[in-house]
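The following exercises concern the geometry of a protein model. Each task is followed by a solution in steps.

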Amino acid sequence: MYVLIAGGGKAGANVMRTLLRNGHEATIIEQERDRFERLEQEFEHQAMLGDATEIYVLEKAGIRRPPDLVLALTGDDEDNLVICQLAKEKFGVEKVIARVNDPRNQVHFDLLGVSPTVCATSSILGLVEHEVPEHDLVHLLELRKENLEIVEVQIDKGSPCAGKKVEKLALPEGARLISIMRDGRAEIAVGATELHPGDQVLAILEPGKEDELRRVLLKR
Amino acid sequence: MKALIIGCGRVGSTVAKRLAADGWNVTAIDEKEAALSRLGEDWTGGFVVGHGMDTEVLRQAGIEEADAVVVATDGDNTNIVIGQVAQKRFGIDCTVVRILDPARADFYAQRGLRTVCPTSTAIDVLTDAVRSCEIPRDRQEVAT
């Protein structure tokens, strides 16, 4: 596989190292001279100095082949967006992965159809949410293309659904329960599954239906 | 008619003042508060401090009611992204974006963004200026 990496920071350099170790072919582009020189010592001719949002730089790095995968991992969200748009729409690269530095910019990546994206800050926030008990509904996974998300809900004693069967719940349209975790064991949620206080329920739903789901399961 | 000017430097501020003089209701956005002084002491239009990539800042500046958006910050890629946000998210047809790199300006123009490339303009003007100079006849053969 041939991979083009834009951005030679910690993420870029580590991905580069791993790809080469696994026998792939890769080029890494970095625009800061100091960083580039360090990369060049390690990766030699496979490191390139330049601005990866410039078309001639991408061409020199072999974007016309085209690569199987382009990774936009710079510290600038604007740059990552433009790199992915150029790769996909100008050069026909089939797969891109973009890093989102500021989670507030995620909406722009979604708007411009650049996916998948990786955002360290959002991941950390997700984990924090998971650790904080007052968060009754935890986002586990977003399926952007499908416009669905998977959440976890903790059922407690006061929950209106405790003691009820799944088929008796007035779940919002566009929401389904996937599984119930009880005493360390998971089972698939079917119509006859009864919910108990202490259950951890996985649900799949359309983004924006969280409050309706909360009302049915938690009455909050 | 309402216009939003994103990036209030030499170019943005002058465009803002000209449109205001034409009777537009103009709001300028810049990251630095000091940019307000470029608009002059008698500026009666709006001014919002913030980054143009921030949708909240755009809303605060009234992008939802805007008829025209001019994007002229000092970063090409920033302008490209903000321009597409104005066009695609807020549906503003008259979105004009400054892009200094001719190659990127061309590519985004093909994709339906109204791009203005001062570099290409400078290249054309400079070349034409030289072509229009009168060179003495005895010097004309030097190149050949």
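**Exercise 1.** Determine how helix 4 of chain A and helix 3 of chain B are oriented to each other.

*Solution.* The two helices, helix 4 of chain A and helix 3 of chain B, are roughly perpendicular to each other, a class that covers angles of 65 to 115 degrees, with under 35 degrees counting as roughly parallel, over 145 as roughly antiparallel and the rest as oblique. The underlying packing angle is about 75°, and the axes of helix 4 of chain A and helix 3 (residues 76-89) of chain B are 8 Å apart. Axes are lines fitted to C-alpha atoms, for helices over the stretch in contact, and angles between N-to-C directions run from 0 to 180 degrees. Helices are DSSP runs of H or I with at least four residues, strands are runs of E with at least two, and both are numbered from the N terminus.

This is a predicted model, in which local features need pLDDT of at least 70 and side-chain atom pairs count only at pLDDT 80 or more, while totals for chains, interfaces and linings use all residues. Residues are numbered from 1 along each chain as its sequence is written, and chains are lettered from A and ligands numbered from 1 in the order in which they are written.

**Exercise 2.** Identify residues that meet between these two helices, and classify the contact.

*Solution.* Step one: A:Glu78, A:Asp79, A:Leu81 and A:Val82 of helix 4 of chain A meet B:Asn77, B:Thr78, B:Ile80 and B:Val81 of helix 3 of chain B; contact requires C-beta atoms, placed from the backbone, within 7 Å. Step two: this contact has four nonpolar, two polar and two charged residues. Here Ala, Val, Leu, Ile, Met, Phe, Trp, Tyr, Cys and Pro are nonpolar, Asp, Glu, Lys and Arg charged, and the others, Gly among them, polar.

**Exercise 3.** Describe the open sheet of five strands in chain A.

*Solution.* Step one: the strand order is 7-8-11-9-10, with antiparallel pairing; a pair needs at least two DSSP bridges. Step two: strand 7 (137-143) and strand 10 of chain A each have a single partner strand, so one side of each lacks a neighbour in the sheet. Step three: strand 9 (residues 175-182) and strand 11 (residues 200-205) of chain A are joined by six bridges, and A:Arg176 stands opposite A:Ile204 in strand 11 of chain A.

**Exercise 4.** Is A:Ile188 buried or exposed?

*Solution.* A:Ile188 lies in strand 10 (residues 185-188) of chain A. A:Ile188 has 10 C-beta neighbours inside 10 Å and therefore counts as exposed; the limits are 12 or fewer for exposed and 20 or more for buried, with partly exposed in between.
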